[in-house]
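Here's a quick briefing on the fold, the cores, the charged pairs and the cysteines. Have a look at the model first, then read on.

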Amino acid sequence: MMKFVNGPETQATKYLRQHGVTYSSHLYDYEEHGGTGTSARELNVDEHSVVKTLVMEDELGRPMIVLMHGDCKVSTKELARQVGCKKIEPCRPEVANRHTGFLVGGTSPFGTKKKMPVYVEKSIFDLSLIYINGGRRGYLISMQPQELKRLLDLRVVEVALP
């Protein structure tokens, strides 16, 4: 993999560069099952500003991405209600990998293999800066949350559970 001055080259960073996004790279020591708590601790940032990229599917197996604060969970029942389907659940890791082209733990909403609807928690836009996966394990990028609106076909939802 080719390295740039500010971080590794991934499908996500290629996508961001192609769209003229200003971002900063943040590498940290990845821990299996460490989640956003680990990345927030390693980067010395508030876990609420770390945005996790979750790959979920509805009752028909149609995939979707959900962007959520690191310190919150997704109410799948409320998400299903807001998007108009019966049931939503997380994809199995191998299914998520197939849809996105990223390994679980390194999933980015940018440059995914398959185009999927993207749902974002409304309060993410209240933050001045977010930290989101840059396309590989142990690598986050920071950017303004408003860039999400410009880059992705978003649907805003309110489904966060503390």
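The chain folds into five helices and twelve strands, and keep in mind that this is a predicted model. Its radius of gyration is 15 Å, close to the 15 Å that the globule rule gives for 162 residues, so the chain is as compact as a globular protein of that length. Below is the rest, sorted by topic.

**Overall build**
- Measuring along the principal axes, the C-alpha trace spans about 45 × 30 × 30 Å.
- Half-and-half is the story for burial: 50% of the 162 residues count as buried.
- Take the contacts with a separation of 6 or more, and 61% of them are between residues 24 or more positions apart.
- The accessible surface of the chain adds up to about 8,500 Å², and carbon and sulfur atoms own 49% of that.

**Nonpolar cores**
- The largest nonpolar core has 24 residues, and Leu 67, Phe 110, Met 143, Leu 148 and Leu 152 are those with the most contacts inside it.
- Two or more residues of this core come from each of α1 (11–18), β5 (63–69), β8 (118–121), β9 (130–136), β10 (139–143) and α5 (146–151).
- Met 143 is a handy residue to click on: leaving aside neighbours within four places in sequence, its contacts are Val 21, Thr 22, Tyr 23, Phe 110, Leu 129, Ile 130, Ile 132 and Leu 151.
- There's also a second, separate core of 13 residues, with Met 56, Met 68, Cys 72 and Ile 88 among them.

**Salt bridges**
- Side chains of opposite charge can pair when their charged atoms come close.
- The structure holds nine salt bridges, and three of the pairs are picked out here.
- Arg 17 and Glu 9 meet through their side chains, at 2.8 Å from N to O. The Arg 17 end is partly exposed, with a relative accessible area of 42%, whereas Glu 9 is buried at 12%.
- Arg 41 pairs with Glu 31, and their closest N and O atoms are 2.8 Å apart. This one links distant parts of the chain, ten residues apart: Arg 41 is in helix α2 (residues 35–43), while Glu 31 is in the loop between β3 (24–27) and α2. Glu 31 counts as partly exposed, at 34% relative accessibility.
- Glu 31 and Arg 41 also belong to a network of salt bridges that includes Glu 42.
- Arg 81 and Glu 78 form another bridge, with 2.6 Å between the closest N and O atoms. The two are three residues apart in helix α3 (residues 76–83), so about one helical turn separates them. Arg 81 is exposed, with a relative accessible area of 59%, but Glu 78 is partly exposed at 23%.

**Cysteines**
- How many disulfides does a search of the whole structure find? It finds zero.
- A disulfide is a covalent bond between the sulfur atoms of two cysteines.
- For Cys 85, the closest cysteine sulfur is in Cys 91, and at 12 Å that is too far for a bond, given a cut-off of 2.5 Å between the sulfur atoms.
- Seen from the other end, Cys 91 is in no disulfide either, and its nearest cysteine sulfur is that of Cys 85.
- Both side chains are tucked under the burial cut-off: Cys 85 counts as buried at 17% relative accessibility, and Cys 91 counts as buried at 10%.

Methods
Residues are numbered from 1 along each chain as its sequence is written. This is a predicted model: local features need pLDDT of at least 70, side-chain atom pairs count only at pLDDT 80 or more; totals for chains, interfaces and linings use all residues. Side-chain values use heavy atoms; hydrogens and water are left out. A salt bridge is a side-chain nitrogen of Lys or Arg within 4 Å of a carboxyl oxygen of Asp or Glu. Buried means under 20% relative accessible area, exposed over 50%, partly exposed in between (1.4 Å probe, protein chains only). Helices (H or I, at least four residues) and strands (E, at least two) are DSSP runs, numbered from the N terminus. The radius of gyration is taken over C-alpha atoms; the globule rule is 2.2 Å times the number of residues to the power 0.38. Contact means heavy atoms within 4.5 Å. Accessible areas come from the Shrake-Rupley method with a 1.4 Å probe; for residues, only the protein chains shown count as cover. A nonpolar core is a set of buried Ala, Val, Leu, Ile, Met, Phe, Trp, Tyr and Cys residues joined through side-chain atoms within 4.5 Å.
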